[in-house]
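Take a look at the fold below. The questions that follow go through it piece by piece.

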Amino acid sequence: MRLDGKIVLVTGAAQGIGRGIALRLANEGANIALVDLKTEKLESVRGEIEALGRKASVFAADVSQRDAVYAAIDHAETALGGFDVMINNAGIAQVNPIADVMPEEVERILRINIQGVLWGIQASAAKFKTRGQKGKIINASSIAGHDGFALLGVYSATKFAVRALTQSAAKEYASSGITVNAYCPGIVGTDMWVEIDERFSALTGTPKGETYRKYVDGIALGRAQTPDDVAALVAFLASADSDYITGQSILTDGGIVYR
């Protein structure tokens, strides 16, 4: 198993892509620190991981709060006996025409999608340095971090920002043996895309499900993405197989955006 004995923290781990990542990395041998605000769902994921014979811990934290992210990493180290990989997965979507976006909406998504990643990078790098070890930081970007999408302008901006943070952090921390990369999913069949589709329907008058189908129909490989598809890339980035890769934001979308 590529990650045997490694300690991995996953934010936004209660459902969707985060849950998929946590389970895949546990299957690869890692022990997982699960972080989210949805504690009941976290407990369910913990049970799934322990059923695989791995250790798991649960910590409730709002990633937009710097102190909470630092506390989550301290908890992971104490509860699981180490710290090797940080997965900054937590994030939210926002569907709105640029003309209609209000200040409070911008503030919320910036706090979670950008500051949450920033604090995760900062806190995990500090912990790796304190422990005197190398480490891996893996961030959630998106196809919307490579192409801006209509009605997803602010969301796209946050995911472009994650790519910038990933590149900058990779350059700053390389001399400490810390790699920083990002994964960029496409159309994943999760609750987030249900919400996105419903919001598109409300704004454009299209029937529910039509926006989702339109995007899926544009995927070259002919199907929607699953959390497992995303988790496979994250497992590679978390393993020694990616040791010579840093500063990259890798598309995993089945063929939508080409770079």
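Q: Which residues of helix 2 are exposed on the side away from its buried residues?
A: This is a predicted model. The buried residues of helix 2 are Leu42, Val45 and Ile49. They cover an arc of only 65° around the axis, which puts them on the same side of the helix. On the other side, the exposed residues are Glu40 and Ala51.

Q: What covers the buried residues of helix 2?
A: Buried here means under 20% relative accessible area. Leu42, Val45 and Ile49 meet that cut-off in helix 2. Their cover includes helix 1 (16-27), strand 2 (31-36) and strand 3 (56-60).

Q: How far does helix 2 reach from its first C-alpha to its last?
A: Helix 2 spans residues 39-51, which is 13 residues. At 1.5 Å a residue, 18 Å is expected. The reach is close to that, at 18 Å.

Q: How many of the residues of strand 1 are buried?
A: Ile7, Leu9 and Thr11 point one way from strand 1, and they are buried. Val8 and Val10 point the other way, and they are buried too. Strand 1 is therefore largely enclosed by the rest of the structure, with the buried count at 5 of the 5.

Q: Which residue is the bridge partner of Val8 in strand 2, and which in strand 4?
A: Strand 1 runs parallel to strand 2, and 5 bridges join them. Strand 1 also runs parallel to strand 4 (residues 85-88), through 3 bridges. Val8 has a bridge partner in each: in strand 2 it is Ile32, and in strand 4 it is Val85.

Q: Which strands stand at the edges of the sheet?
A: The open sheet has 7 strands in the order 3-2-1-4-5-6-7, with parallel pairing. Each edge strand has a single partner strand, so one side of it is left without a neighbour in the sheet. Those at the edges are strand 3 and strand 7 (249-252).

Q: What angle does the direction of helix 5 make with that of strand 6?
A: Helix 5 packs on the sheet. It touches strand 5, strand 6 (178-185) and strand 7. Its direction makes an angle with that of strand 6 of about 160°.

Q: Which residue has a positive phi although it is not a glycine?
A: Helix 2 is followed by a residue with positive phi, near 90°, but that one is Gly53. The residue in question is found in the loop between strand 5 (135-140) and helix 5 (153-173). Its phi is about 70°, and it is Leu151.

Methods
Residues are numbered from 1 along each chain as its sequence is written. This is a predicted model: local features need pLDDT of at least 70, side-chain atom pairs count only at pLDDT 80 or more; totals for chains, interfaces and linings use all residues. Side-chain values use heavy atoms; hydrogens and water are left out. Helices (H or I, at least four residues) and strands (E, at least two) are DSSP runs, numbered from the N terminus. The expected span of a helix is 1.5 Å times one less than its number of residues. Buried means under 20% relative accessible area, exposed over 50%, partly exposed in between (1.4 Å probe, protein chains only). The arc is that of the directions from the helix axis to the C-beta atoms. Contact means heavy atoms within 4.5 Å. Two strands pair if DSSP finds at least two bridges between them. Axes are lines fitted to C-alpha atoms, for helices over the stretch in contact, and angles run from 0 to 180 degrees between N-to-C directions.
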